[in-house]
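Reader: I'd like a close look at just one part of this model rather than a tour of everything. Could you pick a piece, walk me through how it sits among its neighbours, and spell out your cut-offs as you go?

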Amino acid sequence: ILSSLKSEQIVRQMIYYGVSAYLVKNSHPLDMITAINQVYENGIHFDPDMMKIIVNMKNLRSTKPGRQFCELSEREVEILNLICGQFNTKEIADKLYLSERTVEGHRKRMLEKTNSRNVVGLIVWGIKNQILLLE
């Protein structure tokens, strides 16, 4: 999303609907290029201000009623933290000595386990359940 608005309410709404990136129109052109490249490589890009809004989101609802806390494996948690660190599939695979296909399989299982529709939903789930190591 490229918007003239930086309202926390609008950002929350866009995150809820699964946007992969959110930039304000007065963003530096290099930030826009970085965002496009990050979304292409990793599926997401949020600057530190947007990440603060995501972390502070409290009123997100699950897409499926009665969602229970699920247990992610240590490897899945490790991959989720790398995804949040904006590493792409190849970088995660190289870092963990896995094939790219294995990383994609872990990502798919995490989406299923958390009832997330996309990587942004997965990250929001990780933040809400205090799984991610945010710095």
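Author: What follows is a walk along one helix, its surroundings and the partner it packs against.

A bit of bookkeeping before that. This is a predicted model, so local features need pLDDT of at least 70 and side-chain atom pairs count only at pLDDT 80 or more, while totals for chains, interfaces and linings use all residues. Residues are numbered from 1 along each chain as its sequence is written, and side-chain values use heavy atoms, with hydrogens and water left out.

The chain has 7 helices and 2 strands, where helices (H or I, at least four residues) and strands (E, at least two) are DSSP runs numbered from the N terminus. Along the sequence they come as β-α-β-α-α-α-α-α-α. Of its 135 residues, 39% count as buried; that label means under 20% relative accessible area, with exposed over 50% and partly exposed in between (1.4 Å probe, protein chains only).

My pick is H6. This helix covers residues 100-114, and at 1.5 Å a residue its 15 residues should span 21 Å, which agrees with the 21 Å between its end C-alpha atoms. The expected span here is 1.5 Å times one less than the number of residues.

Now look at who points where. Val103, His106, Arg107, Met110 and Thr114 are the buried residues of H6. Seen down the helix axis, they fall within an arc of 100 degrees, so they line one face of H6; the arc is taken from the directions from the axis to the C-beta atoms. Arg101, Lys108 and Glu112 sit on the other side of H6 and are exposed. The cover over the buried residues includes H4 (74-84), H5 (89-96) and H7 (119-128).

Check the backbone on either side, too. In the loop between H5 and H6 you'll find Tyr97, which has a positive phi of about 55 degrees despite not being a glycine. Tyr97 is exposed because its relative accessible area is 76%. After H6 comes Asn115, with another positive phi, near 60 degrees. Further back, in the loop between H4 and H5, Gln86 has a positive phi near 65 degrees, again in a residue other than glycine. At 23% relative accessible area, Gln86 is partly exposed.

On to the partner, H7. H6 and H7 pack at about 60 degrees with their axes 10 Å apart. Those axes are lines fitted to C-alpha atoms, for helices over the stretch in contact, and angles run from 0 to 180 degrees between N-to-C directions. The crossing is left-handed, i.e. the near helix is turned anticlockwise from the far one by less than a right angle (clockwise would be right-handed).

At the contact (heavy atoms within 4.5 Å), Arg107, Met110, Leu111 and Thr114 of H6 meet Val119, Leu122 and Trp125 of H7. These contact residues divide into 5 nonpolar, 1 polar and 1 charged, with Ala, Val, Leu, Ile, Met, Phe, Trp, Tyr, Cys and Pro counted as nonpolar, Asp, Glu, Lys and Arg as charged, and the others, Gly among them, as polar.

H7 itself is largely enclosed by the rest of the structure, because 8 of its 10 residues are buried. Among them are Val119, Leu122 and Trp125, already met in the contact with H6. What covers the buried residues of H7 includes H1 (8-16), H3 (48-55), H4 and H6.
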